[in-house]
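User: I'd like to go over the pockets and cavities in a model. Can we walk through them?
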Amino acid sequence: MLKSMGMAAAVLAAAQAAPASAQEFPERGIEFVAGYGPGGGHDTMLRSMAKIMQEEGIIETPINVINKPGGSSAVAMGYLNSRAGDGHYLMSVTSSHITTPLTSNIGLDFSDFTPIARLGIDPELLVVNSAGPYKSIDDLLKADKVLNVGGTATGSIEHIVAIQFQKQTGKKVNFVPFQGDGDVVAALLSNQLDFIVTNPGTARDFIEAGKFNALAISTEERIDALPDVPTFKEQDIDITLSLYRGVTAPADVSDEAKAYLIEKMTELNESAAWKSGYLDPNSVVEGFITGDEFEAYLEETQGVYRETLTELGIIK
């Protein structure tokens, strides 16, 4: 009896002495980091994620969303970089995760982090005024003029798609940058532009109202929300560049943490609440990839951005 009690005490003592690192991941709550302020696209996505994941029981530990705005996501990248090795942090990423390192000397790029998942894409549309002279891509190509193309900001994805259109078709374009989507739409409505490059969320109401006509979309296949809009590729124009929305973790996280985060993002992607609560209301198209596949996508995207931004003289 005394011997068995002594053995039990020894086992209990050994268990109490076990290091905290032996606990399973996660050991505490997870922090979602938005590189822009409240109300923006990064913030909206992360807060939707947190709400759905908690309500659906996908992640039971607390989730805290914080905003680290500044430097087109440079501040958030620096913050996440300082958490290397800790998988309890996830940062929202989009095109600025590629363009900011290319255009600014921040000493970091996507390869300094652990890509977890691309959760969706905002494809780009080529849109004309329905009351204008262009009814097809062929009409644009036959126009005896340089085409005036509108979009948001020099070096933006809209600008890059416009330049890719010029390279692919040989048709000269003049890109006109605007401060925001509302200004771009107003310019097309007033026939100041031949076409615009924009996302479905900006253009869909105008398309449904019959004021705009989308002639092409930058996805591999047509999308359910706009089934009558052909892809660029269908029209022999090789443009499949979209604004992606995803999440990345700090560098050097454990295999266990990476696997956990990918698993939870997969569960989120498979949740009906994610589609109805975020993707559909925000006109984001499903485009889920994870881990190494997401990393390869980021590398390919960086190559396209680097080439085009160099041609534009924005970077050397």
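Analyst: Here is a short tour of the pockets and the cavity. This is a predicted model, where local features need pLDDT of at least 70, side-chain atom pairs count only at pLDDT 80 or more, and totals for chains, interfaces and linings use all residues. Residues are numbered from 1 along each chain as its sequence is written, and side-chain values use heavy atoms, with hydrogens and water left out.

User: What volume does the largest pocket have?
Analyst: About 750 Å³. A pocket is an open set of points on a 1 Å grid over the protein atoms alone, with protein on both sides within 12 Å along at least five of seven lines. A volume is the space filled by probe spheres set on the points, which are joined across faces, edges and corners.

User: Which residues are closest to its centre?
Analyst: Ser-95, Thr-152, Glu-158, Leu-243 and Arg-245, out of 31 that line the pocket. Lining residues have an atom within 4 Å of a point.

User: And the second largest pocket, what volume?
Analyst: About 610 Å³. Its lining has 25 residues, and Tyr-297 is one of the closest to the centre. Helix H11 (291-311) gives the largest share, six residues. Helices (H or I, at least four residues) are DSSP runs, numbered from the N terminus.

User: Switching topic: how many cavities of 30 Å³ or more are there?
Analyst: One. A cavity is a set of points where a 1.4 Å probe fits but cannot get out. The volume of the largest cavity is about 40 Å³.

User: Which residues line the largest cavity?
Analyst: Gly-41, His-42, Met-45, Ser-92, Val-93, Thr-94, Arg-245 and Gly-246. Arg-245 is also among the residues closest to the centre of the largest pocket.

Definitions and conventions. Helix = DSSP H or I, 4+ residues; strand = E, 2+ residues; numbered from the N terminus.
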